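Got the viewer open and a selection box ready? Here is a walk through the model, one selection at a time.

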Amino acid sequence: MWRISATRPCSGPPAADTFVPVAQFRLQGSKVLAVDLTGDAVKAKNGAMVAYDGQMAFKKMTGGGEGLRGMVTRRLTGEQMTVMEVQGHGTCYFADRASEINLVNLRGEKLHVESSNLLCTDAGLRTGTTFTGLRGATTGNGLFTTTVEGTGQAAIMSDGPAVVLRVSGQYPLSVDPGAYIAHTGNLQQSFQSGVTFRTLIGEGSGEAFQIRFEGEGLVYVQPSERNTVGGDV
């Protein structure tokens with residue numbers, strides 16, 4: 001696929017028939033991401049490359065927030081995200097611990113995603129961090145969420161097949177923080193005390209809470225719970 005160069009500015013006025021290459025994301029099964037490159041680049045989780053053909057160049061870089069603000073928030077919150085840039089001609093294959101992979105197409109909107117669930121993005125997409133609020137009485141991972149913004153594709157991971165849930169003004173959504181992966185759209189996020197299944201069967205210890213989404217958008221959840229620091233989930 002080729003994209004009109006107006007989406008990626010170059011020096012001088014672009015010609016009407018000038019095109020630039022765009023990385024193409026496709027799934028090989030459900031657990032391997034194949035990215036076709038024709039001179040362009042992608043940013044991927046460091047160490048996630050499992051194979052490639054053609055000519056590729058790899059460069060390690062720091063992600064999860066760009067610039068000084070990103071460096072500060074990562075240091076304060078532990079929102080670590082080490083990424084590599086891959087550029088070249090050919091096909092590069094990515095996977096991480098046999099996780100399920102989900103493709104997200106962005107058309108100018110912003111994707112909020114847990115840093116551990118982000119596998120790969122088009123190099124033209126901007127990454128950063130955003131404050132999401134306290135998850136319980138104690139601070140811990142997830143206070144800041146990685147953001148991906150612009151036009152292009154991103155690949156996010158889940159422990160088991162992800163479920164995409166729609167939120168509307170009429171139907172807000174409450175999610176277990178251990179199952180939350182990502183969200184897009186015009187959503188307001190808050191944290192509230194709640195009761196989890198573990199609490200009901202007597203296995204909970206500590207405070208139980210949920211993430212509540214209101215507005216219009218999509219929320220990605222996984223059928224498995226990660227361990228979180230800010231409360232028992």
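Start by selecting Glu 225, which sits in the segment after β14. Keep in mind as you click that this is a predicted model. Is Glu 225 buried, partly exposed or exposed? With a relative accessibility of 33%, Glu 225 falls in the partly exposed class. Now add Asp 176 to the selection and draw a C-alpha to C-alpha distance: 8.0 Å separates Glu 225 from Asp 176, although their positions lie 49 residues apart along the chain.

A similar stop is Ser 116. Look for Ser 116 in the loop between β7 and β8, where β8 covers residues 118–122. Ser 116 is partly exposed too, its relative accessible area being 40%. Pick Thr 146 as the partner here: the C-alpha atoms of Ser 116 and Thr 146 are 9.4 Å apart, and the two residues are 30 apart in sequence.

**Next stop: the loop between β6 and β7**

Select Arg 97, which has its place in the loop between β6 and β7. Arg 97 counts as exposed, because its relative accessibility is 70%. Check the backbone as well. Most residues other than glycine have a negative phi. Phi of Arg 97, however, is positive, near 50 degrees. Step along to Ala 98, found in the loop between β6 and β7 as well. Ala 98 is not a glycine either, yet its phi is positive at about 55 degrees. Ala 98 is exposed, at 52% relative accessibility.

**Salt bridges**

Stay with Arg 97 and show side chains. Side chains of opposite charge can pair when their charged atoms come close. Which residue does Arg 97 form a salt bridge with? The partner is Asp 96, and the closest N and O atoms are 3.4 Å apart. Asp 96 also meets Lys 45 in a salt bridge, with 3.0 Å from N to O. Lys 45 belongs to strand β4 (residues 32–45) while Asp 96 is in the loop between β6 (82–94) and β7 (100–113), so this pair ties together parts 51 residues apart in sequence. Select Lys 45, Asp 96 and Arg 97 together and you have a network of linked salt bridges. Try colouring by accessibility: Asp 96 is buried at 14% relative accessible area, whereas Arg 97 is exposed at 70%.

The count for the structure is 6 salt bridges. For another one, go to Glu 214 and Arg 212, whose closest N and O atoms are 3.8 Å apart. Glu 214 is partly exposed, with 36% relative accessible area, and Arg 212 is partly exposed as well, at 24%.

**Aromatic pairs**

The structure has 2 aromatic pairs. Select Tyr 180 and Phe 213 for a stacked one: the ring centres are 5.7 Å apart and the planes make an angle of 25 degrees. Tyr 180 is in strand β13 (residues 180–193) and Phe 213 in strand β14 (residues 209–221), so the pair ties together parts that are 33 residues apart in sequence. Are these two buried or exposed? Both Tyr 180 and Phe 213 are buried.

**Cysteines**

Try a disulfide search over the whole structure and you will come back with 0. Cys 92 is in no disulfide, and the nearest cysteine sulfur, in Cys 120, lies 8.0 Å away. Why is there no bond from Cys 120? The closest cysteine sulfur to that of Cys 120 is the one in Cys 92, and at 8.0 Å the separation is too far for a bond; the cut-off for a disulfide is 2.5 Å. Cys 92 is buried, at 0% relative accessibility, and Cys 120 is buried with a relative accessible area of 0%.

**Last stop: the largest pocket**

Finish with a surface view. Rolling a probe the size of a water molecule over the atoms shows where empty space is left. The largest pocket holds about 260 Å³ of space. To centre your view there, select Arg 97, Ser 99, Asn 117, Asp 159 and Gln 222, which lie nearest the pocket centre among its 15 lining residues. How do the residues of the lining divide into nonpolar, polar and charged? The lining has 2 nonpolar, 7 polar and 6 charged residues. Arg 97 thus turns up again here, as one of the residues nearest the centre of the largest pocket.

How values were computed:
Residues are numbered from 1 along each chain as its sequence is written. This is a predicted model: local features need pLDDT of at least 70, side-chain atom pairs count only at pLDDT 80 or more; totals for chains, interfaces and linings use all residues. Side-chain values use heavy atoms; hydrogens and water are left out. On a 1 Å grid over the protein atoms alone, a cavity is a set of points where a 1.4 Å probe fits but cannot get out, and a pocket is an open set with protein on both sides within 12 Å along at least five of seven lines; lining residues have an atom within 4 Å of a point. Grid points are joined across faces, edges and corners, and a volume is the space filled by probe spheres set on the points. Ala, Val, Leu, Ile, Met, Phe, Trp, Tyr, Cys and Pro count as nonpolar, Asp, Glu, Lys and Arg as charged, and the others, Gly among them, as polar. Buried means under 20% relative accessible area, exposed over 50%, partly exposed in between (1.4 Å probe, protein chains only). Rings of Phe, Tyr and Trp (its six-membered ring) pair if their centres lie within 6.5 Å; planes under 30 degrees apart count as stacked, over 60 as edge-to-face and the rest as tilted. Helices (H or I, at least four residues) and strands (E, at least two) are DSSP runs, numbered from the N terminus. A salt bridge is a side-chain nitrogen of Lys or Arg within 4 Å of a carboxyl oxygen of Asp or Glu.
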